[in-house]
Amino acid sequence: MSLSLTISLFLFFLQNSYANAALPIISVNNTTCQTTCGTIPVKYPFGTGYGCGHPAFSSFISCNHGTLLFSTRTGTYTISSIDYPSNTIMVNDPFMSNCSSMQNSGSFGIDSGSPFSLGKENIFVLLGCSTTSPVFDPKEDLCDTGSGTRVCRGLYSCKGVNGIGLPQHAPINTCCVYDYEANAGLGLDLPKLQCSSYASVYEFVDQGDPMKWKFGISLVYNYSYDTDDCRNCEDSGGLCGFQSLDKSFACICRNGVNTTTNCFARGYAWSGTTALKVQTMLAIGGLLLSLMLSPFW
């Protein structure tokens with residue numbers, strides 16, 4: 001056997017041994033997972049499509065033509081920002097009222113058992129309510145009749161209040177700063193509450209000028225889904241996702257290959273486990289090469 005043929009056989013053996021030592025390939029989904037949606041960074045536990053991120057969030061968060069969306073039982077809403085350090089997302093309801101534009105709103109609610117809850121900074125204001133609304137039942141104490149009255153006066157001073165059939169500076173007896181936490185904290189059922197619209201204020205930039213108030217719905221998400229598997233996957237250059245069939249963990253590698261653990265040995269770096277396998281194969285390969293070359297010495 002010639003020396004060149006011997007070396008070629010050795011390299012062929014090593015290549016195939018390395019391939020066998022690599023991590024198992026799995027099928028996730030045809031969706032290509034992305035790190036951004038529009039201008040918003042998308043990190044675990046969120047994903048841009050089915051099979052991306054954690055399965056507990058896949059039915060709530062999606063990316064559609066560069067717009068990050070939050071879906072729940074009451075509708076689909078645009079996500080304007082995500083603050084990962086505080087585990088908070090900000091969503092916008094297109095039918096929610098603000099100072100410049102008020103209109104009849106739909107309900108807003110969070111699915112029971114979902115990994116989201118309403119942020120404590122939200123101030124929900126019910127507008128254009130019937131005077132017989134259950135929120136005004138003195139036995140229930142569902143409206144903030146202290147500082148809440150200033151919020152109602154501020155919103156009813158807006159020209160936009162004409163949009164719900166009220167005159168500017170209307171009496172505030174149809175307005176309620178709602179204690180949603182006393183109602184299980186899952187959202188607003190406007191037909192049940194007999195109110196025309198709602199606003200959600202999460203920041204008062206200038207308390208005296210409702211045109212400067214910041215409107216939106218702050219949601220806090222549960223981040224107890226963080227795992228060593230995901231951190232290992234991300235350290236290897238992959239994105240965390242899940243398998244379509246059983247929703248078990250998957251590491252989605254940028255070269256199009258998906259594994260059950262990480263992307264090491266997929267063209268980026270070697271993990272300790274994979275490196276040990278490869279080192280073992282190198283040792284075996286080295287021994288075989290020595291035996292194969294011995295006739296030439």
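This report describes selected strands, salt bridges and disulfides of the structure above.

The structure is a predicted model, in which local features need pLDDT of at least 70 and side-chain atom pairs count only at pLDDT 80 or more, while totals for chains, interfaces and linings use all residues. Residues are numbered from 1 along each chain as its sequence is written, and side-chain values use heavy atoms, with hydrogens and water left out.

## A sheet of three strands and its helix

Helices (H or I, at least four residues) and strands (E, at least two) are DSSP runs, numbered from the N terminus. Two strands pair if DSSP finds at least two bridges between them. An open sheet of 3 strands follows the order E15-E16-E17, and its pairing is antiparallel. Strand E15 (239–242) and strand E17 (258–259) stand at the edges with a single partner strand each, so one side of each has no neighbour in the sheet. Strand E16 (residues 249–252) is joined to E17 by 2 bridges in the antiparallel sense. Helix H5 (residues 228–235) packs on this sheet and touches E15 and E16; contact means heavy atoms within 4.5 Å. The direction of H5 makes about 10 degrees with that of E16. Such axes are lines fitted to C-alpha atoms, for helices over the stretch in contact, and angles run from 0 to 180 degrees between N-to-C directions. Across the pair of E16 and E17, Ile252 stands opposite Asn258 in E17.

## Strand E14 and residue Phe124

A residue is called buried under 20% relative accessible area, exposed over 50%, and partly exposed in between (1.4 Å probe, protein chains only). In strand E14 (residues 217–221), 4 of the 5 residues are buried, so the strand is largely enclosed by the rest of the structure. Strand E6 (residues 88–92) runs antiparallel to E14 and is joined to it by 4 bridges; here Val91 stands opposite Ile217 in E14. Strand E8 (residues 116–118) is also antiparallel to E14, with 3 bridges, and Ser117 stands opposite Val220 in E14.

Ile217 is also one of the contacts of Phe124. Phe124 is placed in strand E9 (residues 123–129) and, at 0% relative accessibility, counts as buried. Leaving aside neighbours within four places in sequence, its contacts include Leu118, Cys176, Tyr180 and Tyr198. Phe124 and Tyr180 are 56 residues apart in sequence and 7.5 Å apart in space, C-alpha to C-alpha.

## Salt bridges

A salt bridge is a side-chain nitrogen of Lys or Arg within 4 Å of a carboxyl oxygen of Asp or Glu. The structure holds 3 salt bridges. One of them joins the side chains of Glu203 and Lys214 (3.7 Å, N to O). This pair links distant parts of the chain, with Glu203 in strand E12 (residues 195–203) and Lys214 in strand E13 (residues 214–215), 11 residues apart. Glu203 is partly exposed, with a relative accessible area of 36%, and Lys214 also counts as partly exposed, at 36%.

Asp226, Asp228 and Arg231 are linked in a network of salt bridges. Within this network, Asp226 and Arg231 meet at 2.5 Å, N to O, while the closest N and O atoms of Arg231 and Asp228 are 2.2 Å apart. Arg231 and Asp228 are 3 residues apart in helix H5, which means that about one helical turn separates them. Asp228 is exposed, with a relative accessible area of 57%, whereas Asp226 is partly exposed at 28% and Arg231 partly exposed at 35%.

## Disulfides

A disulfide is a pair of cysteine sulfur atoms within 2.5 Å. By this rule the count comes to 9 disulfides, and the table includes three of them.

| Pair | S to S distance | Torsion about the S-S bond |
|---|---|---|
| Cys33 and Cys52 | 1.9 Å | -90 degrees, left-handed |
| Cys152 and Cys175 | 2.1 Å | -80 degrees, left-handed |
| Cys230 and Cys240 | 2.1 Å | about 105 degrees, right-handed |

The disulfide of Cys230 and Cys240 links helix H5 with strand E15, the two residues being 10 apart in sequence. Both Cys230 and Cys240 are buried. Cys33 and Cys52 are buried too. For the disulfide of Cys152 and Cys175, Cys152 lies in helix H3 (residues 148–156) and Cys175 in the loop between H3 and strand E10 (176–178), 23 residues apart. Cys152 counts as buried at 2% relative accessibility, and Cys175 counts as buried at 7%.
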